[in-house]
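Welcome! Take a moment to look over the model below, and then we can walk through it together.

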There are 2 protein chains.
Amino acid sequence: MSPAGRPRAFVIEGVLEAAMRLFWEQGYEATSMAQLREATGLSSASLYGAFGSKQGLFERAVEHYLAGPGSVTDVIADEALSPREAVARMLHGSIDMQTDTSHPRGCLVALSGIVRAPGDDDAAVRRTIAARRAMDRARIRACVVRGVATGELAGETDVDGFTSMIHGFLLGVSTQVCDGTPARDLHAAADAALAAWHAPSARAAGARAADARAAGV
Amino acid sequence: MSPAGRPRAFVIEGVLEAAMRLFWEQGYEATSMAQLREATGLSSASLYGAFGSKQGLFERAVEHYLAGPGSVTDVIADEALSPREAVARMLHGSIDMQTDTSHPRGCLVALSGIVRAPGDDDAAVRRTIAARRAMDRARIRACVVRGVATGELAGETDVDGFTSMIHGFLLGVSTQVCDGTPARDLHAAADAALAAWHAPSARAAGARAADARAAGV
DNA sequence: AAAATTACGGAGTGATCGATCCGAATGTGG
DNA sequence: CCACATTCGGATCGATCACTCCGTAATTTT
């Protein structure tokens with residue numbers, strides 16, 4: 001069973017947790033291997049042996065984030081919920097997560113790898129994060145499309161425009177959280193954004209939402 | 001008149017323009033003095049003689065940005081406009097500016113100095129940018145307050161919540177622009193956000209049964 | 001014209017970056 | 001007990017970081 005050779009004396013998950021927090025607080029560029037060494041208590045050889053490079057460690061840390069705190073946005077893909085309910089839960093859930101004081105502020109995906117790097121060396125990092133943002137956006141768009149299909153949203157709704165409004169607000173929450181905007185204001189802001197989600201036929205929308213709630217979370 | 005001594009052989013404005021573009025594309029941390037030297041054609045001695053430090057150059061470059069492309073948001077403070085019109089012009093104007101291909105994408109203020117730096121050395125940089133974001137926010141809030149006063153907005157409008165919705169969307173536009181979202185979608189998104197400006201009190205009390213799922217470790 | 005003042009190009013500062021190498025340590029399969 | 005494989009701590013690599021120093025050039029002031 002054991003892969004032969006000296007077994008590693010640390011747990012991968014613990015290292016990823018520490019690395020995730022550092023990258024979350026400081027971003028990829030600003031986080032140094034020296035800090036990662038200190039935070040994990042490991043030597044360079046151990047880190048490079050396990051993850052190959054700083055980029056490799058970052059990508060593993062992002063996966064760790066997506067499986068943990070970052071998973072709050074996955075509710076958007078729950079087709080058992082009404083589209084509006086799914087979007088609402090994603091926004092409020094993300095705000096709750098980002099303002100949770102038990103870990104760094106904001107969203108790792110929204111904050112990392114936005115600006116271009118000096119060389120081409122970390123273009124892969126930016127692509128990794130940008131791909132995740134694109135996925136979130138696609139999921140929101142699918143919800144908007146569903147909303148139009150179910151009649152929750154007016155038929156003449158600009159799908160890409162409405163998607164950009166929701167996604168843009170979600171992305172902007174991270175910056176606001178880092179700047180200290182209170183969670184209360186952000187929740188109220190999410191409600192304001194969702195207010196645009198008015199139904200032309202409130203009856204059908206309400207029935208669908210009720211069904212979704214009855215189905216449970 | 002002349003300040004005695006050898007006159008400088010370059011124009012400050014030209015250097016600030018080049019530096020602004022580099023910082024705009026890459027952010028403060030990722031931009032090196034070597035790049036700034038190459039882009040400006042100046043030596044280290046000239047740059048440090050004129051600006052004192054990398055931070056000093058950055059702050060001057062930010063001022064240059066705010067007086068140039070960044071000035072598009074100033075329309076928000078124009079009290080000759082109706083509050084809604086002022087917000088609308090700011091949003092659409094900012095989108096036009098950020099998607100203009102004659103300069104780097106996005107907004108320098110929204111993109112720079114969000115994540116924490118490794119040391120305390122550039123805390124001043126983050127504070128400079130964050131202060132500008134706070135000013136934009138305050139101006140938006142003043143518009144919302146005016147809107148309630150003039151009756152454009154419902155009296156029971158959550159002022160800070162509505163402000164956060166507009167400001168959050170504005171901040172999120174930068175990330176979307178960097179990710180390649182078309183200007184058309186963003187303009188439509190701004191309209192969608194502004195649609196809430198007319199929305200009467202039909203706002204649902206945020207049904208956020210939200211989660212507790214959250215935050216990993 | 002001489003002195004004083006400022007800007008210039010370019011080499012060089014210590015520090016830190018990500019990444020690698022090495023010998024010792026600790027396992028498994030024969 | 002013995003190769004073999006893998007990980008360990010620690011020293012170290014060249015490159016690059018922001019920044020400074022020095023000798024020289026170009027002006028104004030005396």
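## Around DNA strand D

This is a predicted model, and a good place to begin is DNA strand D. There are 23 residues around this strand, and those that come nearest are Arg6(A), Phe10(A), Met33(B), Tyr48(B) and Lys54(B). Of the strand D atoms within 4 Å of the protein, 68% belong to sugar or phosphate, while the rest belong to bases.

Several polar contacts involve phosphate oxygens of this strand. In the side chain of Tyr48(B), an N or O atom is 2.8 Å from one phosphate oxygen of DNA strand D. For Ser43(A), a side-chain N or O atom is 3.0 Å from a phosphate oxygen of the strand. Thr31(B) uses its backbone instead: an N or O atom there lies 3.2 Å from a phosphate oxygen.

Which helix gives the largest share of the surface near DNA strand D? That is α3(B), with three residues. At least two residues each come from α3 of chain A and from α2 (33–40) and α3 of chain B. By class, this surface has 10 nonpolar, nine polar and four charged residues.

## Around DNA strand C

Now turn to DNA strand C, which has 24 residues around it; Met33(A), Tyr48(A), Lys54(A), Arg6(B) and Ala9(B) come nearest. Sugar or phosphate accounts for 67% of the strand C atoms within 4 Å of the protein, and bases for the rest.

Tyr48(A) has a polar side-chain atom 2.7 Å from a phosphate oxygen of DNA strand C. Arg8(B) also reaches a phosphate oxygen, with a side-chain N or O atom at 3.4 Å. In Arg6(B), a polar backbone atom is 3.1 Å from a base oxygen of the strand.

Here α3(A) supplies the largest share of the nearby surface, three residues. The helices that each supply at least two residues are α2 (33–40) and α3 (44–51) of chain A, along with α3 (44–51) of chain B. The surface comprises 11 nonpolar, nine polar and four charged residues.

## How the two chains relate

Chain B superposes on chain A by a rotation of 180° with 0.0 Å of shift along the axis, at an RMSD of 0.1 Å. The two copies are therefore related as by a two-fold rotation axis. Both copies use the same surface, as 78% of the contact residues of chain B recur in chain A.

## A closer look at His167(B)

Finally, find His167(B) in helix α8 (residues 159–179) of chain B. Is this residue buried or exposed? His167(B) counts as buried because its relative accessibility is 3%, and buried means under 20%. Beyond its neighbours within four places in sequence, His167(B) contacts Gln176(A), as well as Arg133(B), Asp136(B), Arg137(B) and Ile140(B).

Conventions. Residues are numbered from 1 along each chain as its sequence is written. Chains are lettered from A and ligands numbered from 1 in the order in which they are written. This is a predicted model: local features need pLDDT of at least 70, side-chain atom pairs count only at pLDDT 80 or more; totals for chains, interfaces and linings use all residues. Side-chain values use heavy atoms; hydrogens and water are left out. A residue is near a molecule or strand if one of its heavy atoms lies within 4 Å of it. A polar contact is a pair of N or O atoms within 3.5 Å; within protein, one must be able to donate a hydrogen and the other to accept it, and residues adjacent in sequence count only if both atoms are side-chain atoms. Helices (H or I, at least four residues) and strands (E, at least two) are DSSP runs, numbered from the N terminus. Ala, Val, Leu, Ile, Met, Phe, Trp, Tyr, Cys and Pro count as nonpolar, Asp, Glu, Lys and Arg as charged, and the others, Gly among them, as polar. Copies are superposed by least squares on the C-alpha atoms of residues with pLDDT of at least 70 in both. Contact means heavy atoms within 4.5 Å. Buried means under 20% relative accessible area, exposed over 50%, partly exposed in between (1.4 Å probe, protein chains only).
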